[in-house]
Amino acid sequence: MNLKQELQQLNDKLDKFRRKLAAAEQRGDAIVIAQFKREIAAVTKQINSVKTQQTRVLQRQGDDIKHLPFSRALTKAEQADMGQLKKSVKGLVVVHPMTALGREMGLTVVTGFAPAKF
């Protein structure tokens, strides 16, 4: 299971526990309230762990891409015909600034990274 799916499942589980906690608080069931508070704390800890792991993976990917010898912003024409550009440039990696990787790298424009000048 990838990190995104795992994070989604944990968030779903956290939401379920919060709803059950609210119902237990309405009933005034102290034992169940304590149990769900422990469960919520455990799931929150797991969520933070997965988010940290996601950040590490993105940073590693960004570092690998930044170490490619050549990079430049792509023109609108190149962006429009991305298939042809990728066919003509061997090893081209295109990073959009609105993706998680692009935000992690601090990009402001669509940028192409390649092992050779293009």
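The buried residues of helix α2 are Val32, Ile33, Phe36, Ile40, Val43, Ile47, Val50, Gly62 and Ile65, where buried means under 20% relative accessible area, exposed means over 50%, and partly exposed covers what falls in between (1.4 Å probe, protein chains only). Their cover includes α1, β2 (93-95), α5 (100-105) and β3 (111-114). Helix α2 itself takes in residues 30-66, and its 37 residues should span 54 Å at 1.5 Å a residue; the end C-alpha atoms are indeed 54 Å apart, so expectation and model agree. The expected span here is 1.5 Å times one less than the number of residues in the helix. Helices (H or I, at least four residues) and strands (E, at least two) are DSSP runs, numbered from the N terminus.

All of this comes from a predicted model, in which local features need pLDDT of at least 70 and side-chain atom pairs count only at pLDDT 80 or more, while totals for chains, interfaces and linings use all residues. Residues are numbered from 1 along each chain as its sequence is written, and side-chain values use heavy atoms, with hydrogens and water left out.

Helix α1 (residues 3-27) tells a similar story about length. It has 25 residues and reaches 36 Å from first C-alpha to last, close to the 36 Å expected at 1.5 Å a residue. Leu3, Leu7, Leu10, Leu14, Phe17, Leu21 and Ala24 are its buried residues, and α2 is among the elements that cover them. As for the spacing in that list, an α-helix has 3.6 residues a turn, so residues three or four places apart point the same way.

Which residues does leucine 10 contact, once neighbours within four places in sequence are left aside? They are Val43, Gln46, Ile47 and Val50, with contact meaning heavy atoms within 4.5 Å. Leucine 10 sits in α1 and counts as buried because its relative accessibility is 8%. Glutamine 54 is 44 residues from leucine 10 along the chain, and their C-alpha atoms are separated by 14 Å. Glutamine 9, also found in α1, is partly exposed because its relative accessibility comes to 48%. From C-alpha to C-alpha, glutamine 9 and isoleucine 47 are 9.6 Å apart, with their positions 38 residues apart in sequence.

Past α2, proline 69 lies in the loop that leads to β1 (70-73). Is proline 69 buried or exposed? At 65% relative accessibility, it counts as exposed. Even so, proline 69 touches Ala114 and Pro115, not counting residues up to four places away in sequence. Arginine 18 is 51 residues from proline 69 along the chain, and the C-alpha atoms of the two are separated by 49 Å. Further along, alanine 100 lies in helix α5 and is partly exposed, with a relative accessible area of 36%. Alanine 100 and arginine 38 are 62 residues apart in sequence, and 32 Å apart in space from C-alpha to C-alpha.

Zooming out, the chain has 5 helices and 3 strands, in the order α-α-β-α-α-β-α-β along the sequence. Its radius of gyration is 22 Å, well over the 13 Å that the globule rule gives for 118 residues, so the chain is more spread out than a compact globule. That radius is taken over C-alpha atoms, and the rule is 2.2 Å times the number of residues to the power 0.38. Along the principal axes, the C-alpha atoms fill a box of roughly 65 × 25 × 25 Å. Buried residues make up 28% of the 118 in the chain. Among contacts between residues at least 6 apart in sequence, 57% join residues at least 24 apart.
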